[in-house]
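User: I am new to this structure. Please show me how to read its cavities and its buried residues.

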Amino acid sequence: MTDQPNANPDQSGAVGTDRLGPRPLERPAVDQQQAAVFGRPHGVEGAFDKLYTPPPNGNGQQKLSLAPPTPESLAEAFSRPAGAEGVRLQRPLEASGENGAAEDPLWTDTSDPWRDPAAGAVLAGPAVVPEDEEGEKPKLPSGAQLSLPEVLFGRRVQPKALALLGVVALVIGAVGGLVGWWVGDTGSSLTGSATISEAEAAKERPPGSLADIARRVAPAVVSLEVVKPGADSGEQGSGVVIDPQGYILTNEHVVATAVGDAATKITAVFNDGTRTEAKVVGADQKTDLAVVKVNVTNPVVMQVGKSSDLQVGDAVIAVGSPLALQNSITSGIVSALDRPVTAGGDNGAAPVTYSAIQTDAAINHGNSGGALVDSRGALVGINSAIRSSSSDGGSIGIGFAIPSDYAIKIAKALIKDGKVKHADIGINAASTVAGSSTMGAQVRNVAPGGPAAGAGIKEGDVITKIGDHVVRDSAELTVAVRSHDPGQVVPVQLARDGALLVVDVTLGSD
């Protein structure tokens with residue numbers, strides 16, 4: 001037999017001499033656990049279109065669809081209505097109330113291998129409408145517009161749900177408003193609400209307290225305004241109502257302008273604001289006291305006490321209108337008694353000398369003629385003058401008041417006669433000079449035929465005592481003489497040539 005090369009494979013499996021045969025495939029062993037997880041189930045030929053789940057009895061296989069069952073809510077909302085073939089996503093024209101032929105879907109082949117034949121949606125017409133033969137795009141029919149509840153929540157929304165949602169929105173808005181208010185009200189770390197500790201009981205005002213005295217005496221103290229005709233302003237002082245008929249006691253220097261000019265108007269202003277005209281009854285320049293009268297019904301009258309009962313250190317209250325500030329009170333004590341004071345002498349007027357009550361209760365311009373009352377609220381003095389070290393004449397705690405015993409005596413005389421007669425001794429005197437052996441009032445001249453001349457008093461005599469009053473200077477001499485009545489016989493002690501003499505003098509009248 002003739003050899004034919006490459007005609008038949010040899011026993012090694014080679015095909016001819018030009019090419020080699022395929023190499024045996026290397027198939028490594030598959031791990032049993034991975035095969036159980038990733039391997040094709042037994043008896044299943046496909047890889048993607050079917051899934052295998054063991055039947056309940058474990059004796060066979062069950063083929064299921066890849067798509068899980070559609071939820072009922074989604075199937076109802078998006079599936080094709082039963083018996084309605086060819087329905088698109090867009091609402092049919094019949095539902096919108098418009099007429100027109102429905103367009104054919106773009107694809108009608110239901111055997112599309114890339115679609116799930118169980119899907120409820122179908123394809124509609126193209127989004128871009130092609131132009132017709134005339135180059136115009138046909139107008140697409142518009143469906144019915146959706147309402148707000150349909151857009152937000154779907155077509156089936158219960159009214160109760162909408163109401164509940166509205167309530168929730170209101171609650172959220174209210175909470176947000178409250179939070180904003182709280183943040184705005186809290187402010188910075190330096191601001192916030194203050195916690196004030198208040199007293200549990202009101203302030204007590206027992207009888208006899210300053211507040212109680214002020215409440216009782218203030219209605220009996222008036223403010224006096226003295227204004228000349230045509231003038232915008234004038235002088236101002238205070239006064240005390242001492243009689244139910246409307247008599248008011250004040251200082252002479254407060255109403256001096258009205259005494260000299262009948263056209264000058266005096267207005268009394270009570271603490272309740274009542275204003276009424278006042279007329280001058282009488283004025284005494286030597287004692288700086290005057291009485292005016294107002295026509296009022298049932299005025300509040302000041303109770304009058306005894307200044308002779310005062311002692312140094314007793315509490316007193318000054319009531320008046322300092323610097324036109326009506327119904328003002330200041331408190332203090334009695335600093336001294338029987339203090340000889342010489343004041344006034346302005347505009348050519350003679351100075352006034354009287355025995356005064358000294359007090360540290362603040363007295364200022366406008367207090368003149370006002371009341372000085374004791375701790376019971378009784379009148380013990382008429383505020384008259386102050387000592388001041390400043391040019392504006394402000395209080396420095398040294399004030400003087402005319403004792404009520406003397407002031408009421410003068411007031412009664414003015415109310416009765418309109419004038420006052422004062423006791424007079426008939427001499428001119430001056431205070432002894434420093435270094436003199438005897439302190440008192442030295443007689444400079446004696447009025448011929450006067451009370452002193454009749455008693456044998458001579459020039460150069462130094463009077464040291466009149467009655468019970470010690471005389472240390474000329475001011476005390478005047479005070480001591482005026483403390484007695486005209487015609488009264490008083491013992492006068494004097495020093496003459498180093499000897500002390502006592503003579504009886506029958507006082508005359510000025």
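Analyst: Start with the term. On a 1 Å grid over the protein atoms alone, a cavity is a set of points where a 1.4 Å probe fits but cannot get out, and lining residues have an atom within 4 Å of a point. This is a predicted model: local features need pLDDT of at least 70, side-chain atom pairs need 80 or more, and totals for chains, interfaces and linings use all residues. Residues are numbered from 1 along each chain as its sequence is written, and side-chain values use heavy atoms, without hydrogens and water.

User: Which residues line the largest cavity?

Analyst: The lining includes Ala-218, Val-221, Phe-270, Asn-271, Ser-321 and Gln-326. β3 (221-227) and β9 (315-320) each give two or more residues. β3 gives the most, with three. Strands here are DSSP runs (E, at least two residues); helices are H or I, at least four.

User: How much space lies in the largest cavity?

Analyst: About 60 Å³. A volume is the space filled by probe spheres set on the points, which are joined across faces, edges and corners. The whole structure has one cavity of 30 Å³ or more.

User: What about Asp-284: does a salt bridge or no salt bridge go with its burial?

Analyst: Buried means under 20% relative accessible area (1.4 Å probe, protein chains only). A salt bridge puts a side-chain nitrogen of Lys or Arg within 4 Å of a carboxyl oxygen of Asp or Glu. Asp-284 lies in strand β7 (275-284). Asp-284 is buried but has no salt bridge. The nearest side chain of opposite charge, Arg-482, is 6.7 Å away.

Terms used. On a 1 Å grid over the protein atoms alone, a cavity is a set of points where a 1.4 Å probe fits but cannot get out, and a pocket is an open set with protein on both sides within 12 Å along at least five of seven lines; lining residues have an atom within 4 Å of a point. Buried means under 20% relative accessible area, exposed over 50%, partly exposed in between (1.4 Å probe, protein chains only). Lys and Arg count as positive and Asp and Glu as negative; His and the chain ends are not counted.
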